[in-house]
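This briefing concerns the sequence and structure displayed below. It is arranged by topic for reading alongside the coordinates.

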Amino acid sequence: MPSMKKVELTAFDLAGRFLGLTERAGNLENHPLIVWWFELCGLPKQPDEVPWCSVFLNGLCWLLGPDVPRSKSAAARSWLTVAQAVSLDQAIIGWDVVILKRGAGPQPGPDVFDAPGHVGLFAGRLNGDVLVRGGNQQNSVNDTRFPGHRVLGVRRLLPLE
């Protein structure tokens, strides 16, 4: 029997399988995957219009296995407490999560967890901006560009050894 190669799959790779997944319009039907991701965080059934960036990321980590850390929370800033902190300059595509401020006005810093935020996977940098692959970006899973000054933190989600 020939030897089998181990398939390495990162959170970023897995998120790519969901690119284009979109909320369902109207109040009559919700996207079942988005509803399931909320349930993975221990929340009751939620409509897909509720912010779901963090539950998407939790769903990816759950699918990747029990050794991948996750926040188990629908709050984007909950990811500031998960895994290993790295600087934005050290961020690499694959396992790095970017936590951002949400909204235009003054925002609290990374030491305040109960505040608006957004979270997704690091997808690169471009002229001072950060590219993020995430859910609930214009109501879908996609790659979106955000101003670099909105970054609150970067966390590396390496699977536990």
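Contact here means heavy atoms within 4.5 Å. The model is predicted, and the points below begin with one histidine, H118, before turning to the sheet and the nonpolar cores.

**Surroundings of H118**
- H118 lies in strand β3, which spans residues 117-126.
- With a relative accessible area of 7%, H118 is buried, because buried means under 20%.
- The side chains of H118 and Q137 are joined by a polar contact of 2.9 Å.
- Beyond neighbours within four places in sequence, H118 is in contact with C53, A76, V98, I99, L100, R102, G135, N136, Q137 and F146.

**The sheet**
- Six strands, in the order β1-β6-β2-β3-β4-β5, form an open sheet with antiparallel pairing.
- The edges are held by β1 (84-86) and β5 (140-147); each has a single partner strand, so one side of each lacks a neighbour in the sheet.
- Direction ignored, neighbouring strands are turned by 40° against each other on average.
- β3 and the antiparallel strand β4 (residues 129-137) are joined by five bridges, and R125 stands opposite V130 in β4.
- Helix α3 packs on the sheet, where it touches β2, β3, β4 and β5, and its direction makes about 70° with that of β3.

**Nonpolar cores**
- The largest nonpolar core has 32 residues, and W37, W52 and W79 have the most contacts inside it.
- Two or more residues of this core come from each of α1 (11-16), α2 (32-40), α3 (53-64), β2 (96-101) and β3, with α3 giving the largest share, six residues.
- A separate core of eleven residues includes V98, F122, V151 and V154.

Terms used: Residues are numbered from 1 along each chain as its sequence is written. This is a predicted model: local features need pLDDT of at least 70, side-chain atom pairs count only at pLDDT 80 or more; totals for chains, interfaces and linings use all residues. Side-chain values use heavy atoms; hydrogens and water are left out. Helices (H or I, at least four residues) and strands (E, at least two) are DSSP runs, numbered from the N terminus. Buried means under 20% relative accessible area, exposed over 50%, partly exposed in between (1.4 Å probe, protein chains only). A polar contact is a pair of N or O atoms within 3.5 Å; within protein, one must be able to donate a hydrogen and the other to accept it, and residues adjacent in sequence count only if both atoms are side-chain atoms. A nonpolar core is a set of buried Ala, Val, Leu, Ile, Met, Phe, Trp, Tyr and Cys residues joined through side-chain atoms within 4.5 Å. Two strands pair if DSSP finds at least two bridges between them. Axes are lines fitted to C-alpha atoms, for helices over the stretch in contact, and angles run from 0 to 180 degrees between N-to-C directions.
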